[in-house]
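This report goes through helix packing, charged pairs and surface exposure in one protein chain. The sequence and structure come first, and the notes follow.

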Amino acid sequence: LHLLFIGHLLHKGIFLHIDNLEKTSTKDSKKVQNFFHSIRDILQTRPVYFVFVGYPGFYRQIIYPIERVRSVFFQLPIHIPPLSEKQVIEVIEKRYRLLSVNNQFIRPVENKFINYLYRIYNGKIRSVLDSLSEIITNFPENSTNSLSPKDAKKILVQQTQEKIERMLSKKSLMVLKKIAKEGEATNAQIAKAFQQQPSSIL
């Protein structure tokens, strides 16, 4: 009823943007499927349009297996490619301006470093922004210049390493470093390298 009332006031359709479903669905896909079960009838409210943003394969994993829910999805998923390096830099520049005072700001890092992050994260802007936030949080005191890519990378590596060391046991960290060094490795290869049983590595 609230949705219909708002729609009547605006004289147009309503877009409800439901984001970040991937966080729950990767941990508990059944929970997300139950969510769609529970809102299935609400999804048919006119003139409301629901837009769900998820990872590639979300529709196939969550929606498609539930015939009752699938029947009310009238559009196939739309794949949105990541922004280009240039577009990511434009987005970040805009954020700098919006958060600045009188449009005056110092870029925390050089754009070369943003390009570096872009390549590491395969264009995922959220990961790029998270890394920039990490660097800004640990920005050297009294610094009045942009960090060089070398200095920015040093801060990011240090922060990442501290996080990982807090999360993992020494053995798990040792295995992770081996995988990172090799780039790609099977369970059997790692087990052989550490002279362990594959089940132990798993």
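## Salt bridges and a small network

A salt bridge here is a side-chain nitrogen of Lys or Arg within 4 Å of a carboxyl oxygen of Asp or Glu. The model is predicted, and a search of the whole structure gives six salt bridges. R40, D41 and R68 are joined in a network of such contacts.

Within that network, D41 pairs with R68, and their closest N and O atoms lie 3.8 Å apart. This pair connects distant parts of the chain, 27 residues apart: D41 is in the loop between helix 3 (29–39) and strand 2 (48–52), while R68 belongs to helix 5 (residues 67–70). R68 has a relative accessible area of 39%, so it is classed as partly exposed.

## Charged pairs between helices

Side chains of opposite charge can pair when their charged atoms come close. One such case is R119 with E85, a salt bridge with an N to O distance of 3.9 Å. R119 sits in helix 7 and E85 in helix 6, so the link spans distant parts of the chain, 34 residues apart. E85 is partly exposed because its relative accessible area is 26%.

A further salt bridge brings together K163 and E134, at 2.9 Å from N to O. K163 is in helix 9 and E134 in helix 8 (residues 125–137), so this contact ties together parts 29 residues apart in sequence. How do the two partners fare in exposure: is E134 buried or exposed? E134 has a relative accessible area of 19%, and the limit for buried is under 20%, so E134 counts as buried. K163, with a value of 39%, is partly exposed.

## Helix packing

Two packed helices are described by the angle between their axes and the distance between the axes. Helix 6 (residues 85–99) and helix 7 have axes that come within 10 Å and cross at roughly 125°. An angle between 115 and 145 degrees falls outside the perpendicular and antiparallel ranges, and these two helices are therefore oblique to each other. Their crossing is right-handed. The salt bridge between R119 and E85 also joins helix 7 to helix 6.

Helix 7 (residues 111–120) also meets helix 9: the axes come within 9 Å, with a crossing angle of roughly 45°. That angle makes helix 7 oblique to helix 9. The crossing of helix 7 and helix 9 is right-handed as well.

## A position in helix 6

V91 is a residue of helix 6. Its relative accessibility is 31%, so V91 counts as partly exposed. Which distance separates V91 from I125 in space? The C-alpha atoms of V91 and I125 are 9.2 Å apart, although the two residues are 34 positions apart in sequence.

## Nonpolar surface

M167, L168 and L176 make up a nonpolar patch on the surface. Together these three residues have about 280 Å² of accessible area.

M167 is part of helix 9, which covers residues 149–167. Its relative accessible area is 67%; the cut-off for exposed is over 50%, so M167 is exposed. Helix 9 thus carries M167 of the nonpolar patch as well as K163, the salt-bridge partner of E134 in helix 8.

Technical notes. Residues numbered from 1 in each chain as written. Predicted model: local features only at pLDDT ≥ 70, side-chain atom pairs only at ≥ 80, totals over all residues. Heavy atoms only, no water. Patch = residues over 30% accessible without salt bridge, like charges linked within 9 Å, V, L, I, M, F, W, Y side chains within 5 Å. Areas by Shrake-Rupley, 256 points an atom, 1.4 Å probe, with all protein chains shown as cover. Helix = DSSP H or I, 4+ residues; strand = E, 2+ residues; numbered from the N terminus. Buried < 20%, exposed > 50% of the residue type's maximum accessible area, 1.4 Å probe, protein only. Axes fitted to C-alpha atoms, helices over the stretch in contact; angles between N-to-C directions. Parallel < 35°, antiparallel > 145°, perpendicular 65-115°, else oblique. Left-handed = near helix turned anticlockwise from the far one by under 90°.
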